[in-house]
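Visitor: I am new to this structure, and I would like to hear the reasoning behind the words that are used for it. Could you take me through it step by step?

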Amino acid sequence: MTPDLLEQGARRIEQRMAALASRSAETESGGRSAGIGRIAKADGEVDTTHGRILYLEDVSVSFDGFKAINKLSLDIAPGELRCIIGPNGAGKTTMMDIITGKTRPDEGTVFFGSTIDLLRHKEAEIAQLGIGRKFQKPTVFEHLSVFENLELALKTNKGVKASMFFKLDSRQSDRLAEILLTIHLADSVARLAGNLSHGQKQWLEIGMLLMQDPKLLLLDEPVAGMTDEETARTAELFLTLKGKHSLMVVEHDMSFIRTISDIVTVLCDGSVLAQGTLDQVQADERVIEVYLGR
Ligand SMILES: Nc1ncnc2c1ncn2[C@@H]1O[C@H](COP(=O)(O)OP(=O)(O)OP(=O)(O)O)[C@@H](O)[C@H]1O
Ligand SMILES: [Mg+2]
């Protein structure tokens with residue numbers, strides 16, 4: 001693309017953002033409820049009447065005879081922000097692989113709400129059902145602007161023709177504007193994603209997930225490589241998402257976990273070793289042993 005075209009594109013994006021900003025200002029007094037996600041979308045309710053959005057029971061998987069996940073059972077309540085900690089190799093990423101359909105367990109039960117058996121669905125279908133996943137490394141489109149990345153997030157899983165003629169409707173535009181504020185990138189709409197800092201790229205990717213209005217977000221080591229300031233802002237961000245979405249956050253950064261956590265689950269050798277507040281699990285002899293005894 002020529003510099004001229006880039007500049008024109010940036011101007012067009014700025015104009016659209018100005019229009020969006022004025023529209024969201026009009027609705028601000030009416031609260032932010034029309035913005036980013038609720039637990040359930042109108043077009044695909046998840047049955048959480050039993051108080052769980054995610055339910056795993058006795059899940060196991062082996063790789064070449066090695067049990068990476070071993071009779072793992074846990075559940076998450078709607079709107080909960082659950083933190084998962086555990087030593088390297090505990091099975092945290094593998095658990096996310098199983099929930100998202102990337103890895104099939106050898107045995108066990110994995111339910112989304114009380115009616116959706118995730119083991120019957122493929123990876124793409126699970127994403128469509130409303131489970132968004134953030135891998136450790138940011139995967140944004142570096143040659144596109146912040147705005148275009150967010151817009152593109154709505155086009156995924158659409159056909160080529162549908163994508164070409166895709167236009168944000170006003171609800172989506174409002175949500176995009178609100179997400180930009182939430183992820184602290186409202187001042188950077190026209191910037192190329194490739195020019196953002198590592199932390200900003202992570203926020204942008206989280207924003208891209210939010211555009212799809214996920215009910216459950218799985219975040220694997222989201223603050224790894226961030227500066228202290230970026231980490232603090234990410235903690236704020238997650239606290240604002242809690243309640244509107246259900247979140248499962250895997251992290252090794254304990255001060256970050258301390259800021260955001262209610263219940264912490266400690267994984268070790270593929271199953272739950274302990275669960276409770278961070279203070280409770282940190283005082284648990286078995287947890288101290290696995291962190292210090294290796
Ligand atoms: N596809 C695979 N093939 C073989 N072994 C695997 C595979 N995926 C994971 N493992 C093994 O399973 C165990 C659990 O790995 P996993 O990546 O889930 O740990 P983790 O808790 O995410 O660790 P970390 O904190 O280092 O990210 C490790 O011993 C790993 O080597
Ligand atoms: Mg991992």
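Visitor: What makes Lys71 count as partly exposed?
Guide: In this predicted model, Lys71 has 14 other C-beta atoms within 10 Å; a residue is buried at 20 or more and exposed at 12 or fewer, so Lys71 falls in between and is called partly exposed. Lys71 belongs to strand 2, which covers residues 66–76, and its phi is near 50°, a positive value in a residue other than glycine.

Visitor: Why is a positive phi worth pointing out?
Guide: Most residues other than glycine have a negative phi. Another case is His184, which is not a glycine and has a positive phi of about 60°; His184 sits in the loop between helix 6 (170–182) and helix 7 (198–211).

Visitor: And how do you know whether His184 is buried, exposed or partly exposed?
Guide: The count for His184 is 18 other C-beta atoms within 10 Å, and since burial needs 20 or more while exposure needs 12 or fewer, His184 is therefore partly exposed.

Visitor: Why is helix 4 described as largely enclosed?
Guide: Helix 4 (residues 146–153) has eight residues, and six of them are buried, so the rest of the structure largely encloses this helix. The buried residues are Val146, Phe147, Asn149, Leu150, Glu151 and Ala153.

Visitor: What makes strand 6 and strand 10 the edges of their sheet?
Guide: The sheet is open and has six strands in the order 6-7-8-3-9-10, with mixed pairing. Strand 6 (131–134) and strand 10 (271–276) each have a single partner strand, so one side of each is left without a neighbour in the sheet. From one strand to the next, the twist averages 20°.

Visitor: How do you know that strand 6 and strand 7 are paired?
Guide: Pairing asks for at least two bridges, and strand 6 and strand 7 (residues 216–220) have four, in the parallel sense, so they meet the condition. Within this pair, Ile131 stands opposite Leu216 of strand 7.

Visitor: Which residues surround ligand 1, and what classes do they belong to?
Guide: Phe63, Ala68, Gly86, Asn88, Gly89, Ala90, Gly91, Lys92, Thr93 and Thr94 are around ligand 1, and this shell has three nonpolar, six polar and one charged residues. Helix 2 (residues 92–99) gives the most to the shell, with three residues.

Visitor: Where should I be cautious about the coordinates?
Guide: Where pLDDT is low, the predicted coordinates should not be read in detail. Over residues 17–43 pLDDT stays under 50, whereas the protein chain averages 85.

Key
Residues are numbered from 1 along each chain as its sequence is written. Chains are lettered from A and ligands numbered from 1 in the order in which they are written. This is a predicted model: local features need pLDDT of at least 70, side-chain atom pairs count only at pLDDT 80 or more; totals for chains, interfaces and linings use all residues. A residue is near a molecule or strand if its C-beta atom, placed from the backbone, lies within 6 Å of it. Helices (H or I, at least four residues) and strands (E, at least two) are DSSP runs, numbered from the N terminus. Ala, Val, Leu, Ile, Met, Phe, Trp, Tyr, Cys and Pro count as nonpolar, Asp, Glu, Lys and Arg as charged, and the others, Gly among them, as polar. pLDDT is the predictor's confidence in each residue, from 0 to 100. Two residues are in contact if their C-beta atoms, placed from the backbone, lie within 7 Å. Axes are lines fitted to C-alpha atoms, for helices over the stretch in contact, and angles run from 0 to 180 degrees between N-to-C directions.
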